[in-house]
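Here are some exercises to work through with the structure open beside you. Try each one before you read its solution.

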Protein chains: 4
Amino acid sequence: MAGHNFLFVPGPSNVPNRILRAMAVPMEDHRSVKFPALTQEILAGLKRVFKTESAAPIVFPSSGTGCWEAALTNCLNPGDQILASRFGQFSHLWCDMGRRLGFDMNIIEVEWGEGAPVEGYRSALAADVQHQIKAVLVCQNETATGVTSDILAIRQVLEDLGHPALLFVDSVSALGSIDFRMDEWKVDICVAGSQKGLMLPAGMGITCVSQKALQAAQNSRHPRCYFDYLDMVKSNGTGYFPYTPSIPMLYGLREALVMLEEEGLENVFARHHYLAEGVRAAVTQGWKLSLCAKAPQWYSDSVSAIVVPAGFNAAEVIERAYRRYNLALGAGLSKVAGKVFRIGHLGDLNEVMLMGAIAGAEMAMLDCGIPVTPGSGVAAATQFWCTHEAPVGLGAGA
Amino acid sequence: MAGHNFLFVPGPSNVPNRILRAMAVPMEDHRSVKFPALTQEILAGLKRVFKTESAAPIVFPSSGTGCWEAALTNCLNPGDQILASRFGQFSHLWCDMGRRLGFDMNIIEVEWGEGAPVEGYRSALAADVQHQIKAVLVCQNETATGVTSDILAIRQVLEDLGHPALLFVDSVSALGSIDFRMDEWKVDICVAGSQKGLMLPAGMGITCVSQKALQAAQNSRHPRCYFDYLDMVKSNGTGYFPYTPSIPMLYGLREALVMLEEEGLENVFARHHYLAEGVRAAVTQGWKLSLCAKAPQWYSDSVSAIVVPAGFNAAEVIERAYRRYNLALGAGLSKVAGKVFRIGHLGDLNEVMLMGAIAGAEMAMLDCGIPVTPGSGVAAATQFWCTHEAPVGLGAGA
Amino acid sequence: MAGHNFLFVPGPSNVPNRILRAMAVPMEDHRSVKFPALTQEILAGLKRVFKTESAAPIVFPSSGTGCWEAALTNCLNPGDQILASRFGQFSHLWCDMGRRLGFDMNIIEVEWGEGAPVEGYRSALAADVQHQIKAVLVCQNETATGVTSDILAIRQVLEDLGHPALLFVDSVSALGSIDFRMDEWKVDICVAGSQKGLMLPAGMGITCVSQKALQAAQNSRHPRCYFDYLDMVKSNGTGYFPYTPSIPMLYGLREALVMLEEEGLENVFARHHYLAEGVRAAVTQGWKLSLCAKAPQWYSDSVSAIVVPAGFNAAEVIERAYRRYNLALGAGLSKVAGKVFRIGHLGDLNEVMLMGAIAGAEMAMLDCGIPVTPGSGVAAATQFWCTHEAPVGLGAGA
Amino acid sequence: MAGHNFLFVPGPSNVPNRILRAMAVPMEDHRSVKFPALTQEILAGLKRVFKTESAAPIVFPSSGTGCWEAALTNCLNPGDQILASRFGQFSHLWCDMGRRLGFDMNIIEVEWGEGAPVEGYRSALAADVQHQIKAVLVCQNETATGVTSDILAIRQVLEDLGHPALLFVDSVSALGSIDFRMDEWKVDICVAGSQKGLMLPAGMGITCVSQKALQAAQNSRHPRCYFDYLDMVKSNGTGYFPYTPSIPMLYGLREALVMLEEEGLENVFARHHYLAEGVRAAVTQGWKLSLCAKAPQWYSDSVSAIVVPAGFNAAEVIERAYRRYNLALGAGLSKVAGKVFRIGHLGDLNEVMLMGAIAGAEMAMLDCGIPVTPGSGVAAATQFWCTHEAPVGLGAGA
């Protein structure tokens, strides 16, 4: 098909040309005397992205899913109790992984469209006077529904109750797009991936492990080897890796970290919010449609799940957009399959790219018979973006 | 700035990733035994693009400007009379080059916004009973004003009058986007470049020379060497070049030719027309603005020049779009500087890319105080594209 | 440093420019309607590389190490007995992983420089009349010592004894370089990686699983999730992946498979043998040094470990080659650290590249005081290559 | 063919991966407000490479041949007398171009293998008491024979005689490899290209024009337009170009200039000399063959032309090297066709790369029956490189 594909799934996000070029390197010896400088530069940069001084960032050759598994198998013992909540496909999958790995999952069910239930966590933890719950899992940004949760509030619950459970956060579709604070929120393990806010291809699991979690890893008897934190931390300490790392991904990550620092992490978050607000204006004010996220407190700045009107099939919109307009929208998954389509608005993005996505989604909806007013989405986004001050990364001061 | 730049100047056009990758090759020996296969594949492909059996395509390491000069210096003698018309910056520049090179320029002045004046050519040629006019220059697509001319009509004038002048056509911003027919229109020299419909970076002058023109080159006494057609044709005949060619550009051109053939040249033209119609709908029905092209007969399918309302400065719109929205629009040149901005819609393009350009231009105009209705351009383009059958390259049958 | 680095570690191998370019693609939706065609093409190609009709190739976002773990955790139950042999760092590491994961490791110790001890396997298996041994591990090509083992002989032992244990083979540094036959040798799991004979960056674990092994996976109670074969096979069956795959690696793998097929897999093996023979001539006849591999039956066609004379430190040679000549040689690992340096000769390679490595290693040895005759390595390799018929991939018939 | 091609023609030279990546950029608007910064950075960098404060560097979309033409057509008048010398194919071609363009060529014939005849120039200029000679042409590095001439000596002749002729120097295969000093040597026009010491693909003519030459251009009546210096200088003064430049080549050039500065220009020259000495040791001491260059004073540090023994055809060696060993050697041109093959040793190069070329050439010669001692070339180069201190770019101090 002519022209370039517009990629608006919520990951993989668009890899900037600058990063693609940084990755197109010849291979090199990962045991050379020069190699540690690269490792150290990357780990230092990741610490700034995770906002941590003391925790250890780790990169695995894996997807983010691997980091979920690493969190569970490194720091817990077989059969340990885990408290989690489920309100979308990705929070579900982590819970399901816990079950499959043999943990005792204590799952708070929440309606899809809402986020992590602070009071639900409080009740469950308060009831656990024996401190049988060893880990608390929270999904910071549920990619399936476009819902962001309040991690600090969960931490506050643990503090209030003096509960010693480890706090594990899935920040896969938040890190680098939505604020995350490892140290300030006392997160024990943060799970992320390369293909979202970090603007890389998939294939690198990026995680961060607190000293408390590393201590727990010392005592864990759960079988593991590939995803062993201690092997990694030890090897990284010398600037190397326990097994062959991906050279292109390391150079790509280095470039991504430079880009984030050039823009400024807070400016990156501000840009994501600004862009997301424009998309939400298009959806709610322009198209008069609903977001899957039930209330503004849950709105995600990295992805919006848009509910098509009753009687229409969102999957048809997505297929039409893809086949006819070369526009990739995110599918509704599981419970919301056919009911929503998603626009990922994370990573290396600006207004005009999003205008293409909005206009393309509109054409696809119209072709499927959904009665939106032509141009209404773009008009509402225009109204937002032309009347609010642009963040640094989007031509502020132009 | 975040996100990718939207490039909508009428050249260089967007180089598809596929071509960028084809170009990222290591260098090789341009005198090797394997090299001629590449040369021959490219020249054969170019013949299909020029629609010629008998003429010789030539690629120079130069811009298209170099091919203008080659046409004049290879086939004419010092002081020869040339008939041309001027109705925009590029038709002007070719005329001016003729003057600077010492030819006797006979220039028909035409209002900018109109195209090549068939009757003007007829009068001038009819008056030239001595056949002093040795070459007739026509600009097929005036990039400055978005105006396409009727080359066949000029050929018909020459035929009607039995005038033996050579017919030189500037098809820089038409070839590969708008139909061009070397043999059928008996064009003697067609001048083109790499950075428009052929989807490559600038740096390769692409031209095609009829046997009649090569015959004239045999007799030309005009000093020339670098741009000598005969050197090129002789060397190309063995599969080589008289001086070192650009390896990346040759591989890029090979890939571009494959892409054009995969889509089908007629489908490529149909796609350009379909996309241009959507843009024109946005401009005239959505924004209620005028095109620089005075009448539909002149509308160019590769570029639209849009007149801003009196009292506004198009240069401000362009600068705003660039600095604030990362959108590159084409400037008004010379006589129309400040009066028009241009949207190039040529090369590797689809509707959603253009939607970004339309929405971005709209935001820039609004920011500059130009009273267009938000969303109106996109709405009009939507209306066109959703109600007309898509060409093959744009998801027809999806 | 000026000029390009010569990479002669035994992995990552040199990624050909053609593959680097194939990988430099924009991201795309891994859940699109078009995506399954890519998955299916790759899996079909891998089957030809593994020489299997019935087994299932699987690609994990991981290093080859991950595939070791997958083999153990998918098809065995906690505490199961495993028979293995240890004769180098990589056979050691797999044994060690088995121990760490809680299996009952029955390890045959072999002197480094020899390969898998067929009679040792026979004795151990013959003694296991209760069939407590559930899996037999063999390292086809020990990368640390440059030793290749006879997998078919091990299979024959199992057949002779009617022992039902699964046969797991580490072919990481053999697959795509040295013959491997999944079906003919009745291998149950073959473990490989992307960064060796498949000419890709590291980051993709490539494995192949027999129907018998998949059956065992149905019955395994070992905790696992990320590396679950059944999830993969089920998802791949629809053309998708259970979690986000790396788009560049998939396109790179597709290109690698095309390259292997263009050359012809048997020709690839012949080329590796021919190149290895030249290297061995340089080492033994030219330099008068010894290989770590004790006898020709063990000689590896993908990597040579070269023993430096007593009193010299191979690590100094490696560092000198790297810092002074921009040549990366492989280090001696563990037991042979300081005693050997390695030349990887696998993947996309030809004689002249190897000549650079040979001459460079020679200069580095001379600089370190090792008394080799200048030019002797190249002379011996020349003698071999100029007097033996070249395989197809190296200009046969030129 | 397997493995990478070894490119040792004396241009195009190997483009470093770093530059290939710098070139793989999306297109951009060459008339944008940000563009002049790029132009200015490049022109400032080129001034340092040309070693000039006052002259104007110019880059044309052309090959170096175009810059030859520009020199002649910008600064001279039709029929002007030019003094030049001819001692190889490239000095010949420039002379021939002068003749074709209608100048009155006064050519000193010199045996191929020698360089510019200082006394010949002196005699001719001394005889020209009327100062009819308007330009003196010298080829600094004759690529066909591997001969470097003494430009300063020619300048001294002009100074001695007080002759006002302009001094034009072809430094195509010297600039960036062999010292060149625009200001100190009072060169009026230096002609260079992108594909040699500047490590880029062909396609950019790089030239430098003194103020005296620009003054001459004001008065020249020779027809020209594409290659007009004054258009370029005027447009560059604003940061733009008179016609569309090649975006990839500009970014590639920027990176090349950064690389040259990182290494240090004098270190780059020292590296070329050091590498060339090793090659010459291989040829003369190892292979016992002769260089085309008649005496050490003419030895070129960027290319060596090697004379094969009588009775052998160098073209066969070249074809054998190419087809059988994937090694591209430079052909003998014109008078020395079949008599010499050439090894280019310019640009981004190190010892190990050259060892491949030396060993490969040796194998090809042996295959053609030329009686060189196997390994002798590498042995002699080893002897040189291992006993002389390495320059900065080659691991000095390792």
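**Exercise 1.** Find B:Pro12: in which loop of chain B is it found, and what kind of peptide bond joins it to B:Gly11?

*Solution.* Start with the location: B:Pro12 sits in the loop that runs between β1 (6-8) and α1 (17-23) of chain B. The model you're looking at is a predicted one. Next, check omega across the bond between B:Gly11 and B:Pro12: the value is about 5°, and the bond is cis. Now go to chain C, where C:Pro12 lies in the loop between β1 (6-8) and α1 (17-23). The bond from C:Gly11 to C:Pro12 is cis too, with omega near 5°. Worth a second look, because most peptide bonds are trans.

**Exercise 2.** Look at the phi angles of D:Lys288 and D:Ser334, then work out where each residue lies and how exposed each one is.

*Solution.* Take D:Lys288 first. Its phi is near 60°, a positive value although the residue is not a glycine. The loop in question is the one between α10 (265-286) and β11 (290-291) of chain D. Counting neighbours gives 13 other C-beta atoms within 10 Å, so D:Lys288 is partly exposed.

Then D:Ser334, which is not a glycine either and has a positive phi of about 55°. This residue is in the loop between β13 (327-331) and β14 (340-344) of chain D. The count here is 12 other C-beta atoms within 10 Å, so D:Ser334 is exposed. The cut-off settles the matter: 12 or fewer counts as exposed. As for the phi values, most residues other than glycine have a negative phi.

**Exercise 3.** Is strand β2 of chain B mostly covered or mostly exposed, and which strand does it pair with?

*Solution.* Go residue by residue through 56-61: 6 of the 6 residues of β2(B) are buried, which makes the strand mostly covered. Split them by face. On one side you have B:Ala56, B:Ile58 and B:Phe60, and on the other B:Pro57, B:Val59 and B:Pro61, all buried. For the pairing, look to strand β10 (residues 204-209) of chain B: 6 bridges join it to β2(B), and the two run antiparallel. One bridge to pick out pairs B:Pro57 with B:Cys208 in β10(B).

**Exercise 4.** Trace the open sheet of chain D: what is its strand order, and which helices pack on it?

*Solution.* Walk across the 7 strands and you get β2-β10-β9-β8-β5-β3-β4 of chain D, with mixed pairing. The edges are β2 (56-61) and β4 (104-109), each pairing on one side only. Strand to strand, the twist averages 20°.

Now zoom in on β3 (residues 81-86) and β4 of chain D, which pair in the parallel sense over 6 bridges. D:Leu83 has D:Asn106 as its bridge partner in β4(D). Then add the helices. Helix α4 (residues 89-100) of chain D touches β3, β4, β5 (133-139) and β8 (166-170), and its direction makes about 155° with that of β3(D). Helix α5 (residues 118-127) of chain D touches β3, β4 and β5, at about 160° to the direction of β3(D).

**Exercise 5.** How are chains A and C related, and what makes up the side of chain A that touches chain C?

*Solution.* Superpose first: a rotation of 180° with 0.0 Å of shift along its axis puts chain A on chain C, at an RMSD of 0.0 Å. The two copies are therefore related as by a two-fold rotation axis. In chain A, the C-alpha nearest that axis belongs to A:Ser62, 2.4 Å away. The same surface serves both copies, since 100% of the contact residues of chain A recur in chain C.

Then take the contact itself: 46 residues come from chain A and 46 residues from chain C. In chain A, α3 (64-75), α4 (89-100), α9 (247-263), α11 (314-325) and β13 (327-331) each supply at least two of them. By type, the chain A side divides into 25 nonpolar, 14 polar and 7 charged residues.

**Exercise 6.** Which element of chain A gives the most to the side that touches chain B?

*Solution.* Begin with the totals: 42 residues of chain A are in contact with 42 residues of chain B. Elements giving two or more residues on the chain A side are α11, α12 (351-367) and α13 (376-385). Of these, α12(A) gives the most, with 11 residues. Sorting this side by type yields 20 nonpolar, 13 polar and 9 charged residues.

How values were computed:
Residues are numbered from 1 along each chain as its sequence is written. Chains are lettered from A and ligands numbered from 1 in the order in which they are written. This is a predicted model: local features need pLDDT of at least 70, side-chain atom pairs count only at pLDDT 80 or more; totals for chains, interfaces and linings use all residues. A residue is buried if 20 or more other C-beta atoms lie within 10 Å of its own, exposed if 12 or fewer, and partly exposed in between; C-beta atoms are placed from the backbone. Helices (H or I, at least four residues) and strands (E, at least two) are DSSP runs, numbered from the N terminus. Two strands pair if DSSP finds at least two bridges between them. Copies are superposed by least squares on the C-alpha atoms of residues with pLDDT of at least 70 in both. Two residues are in contact if their C-beta atoms, placed from the backbone, lie within 7 Å. Ala, Val, Leu, Ile, Met, Phe, Trp, Tyr, Cys and Pro count as nonpolar, Asp, Glu, Lys and Arg as charged, and the others, Gly among them, as polar. Axes are lines fitted to C-alpha atoms, for helices over the stretch in contact, and angles run from 0 to 180 degrees between N-to-C directions.
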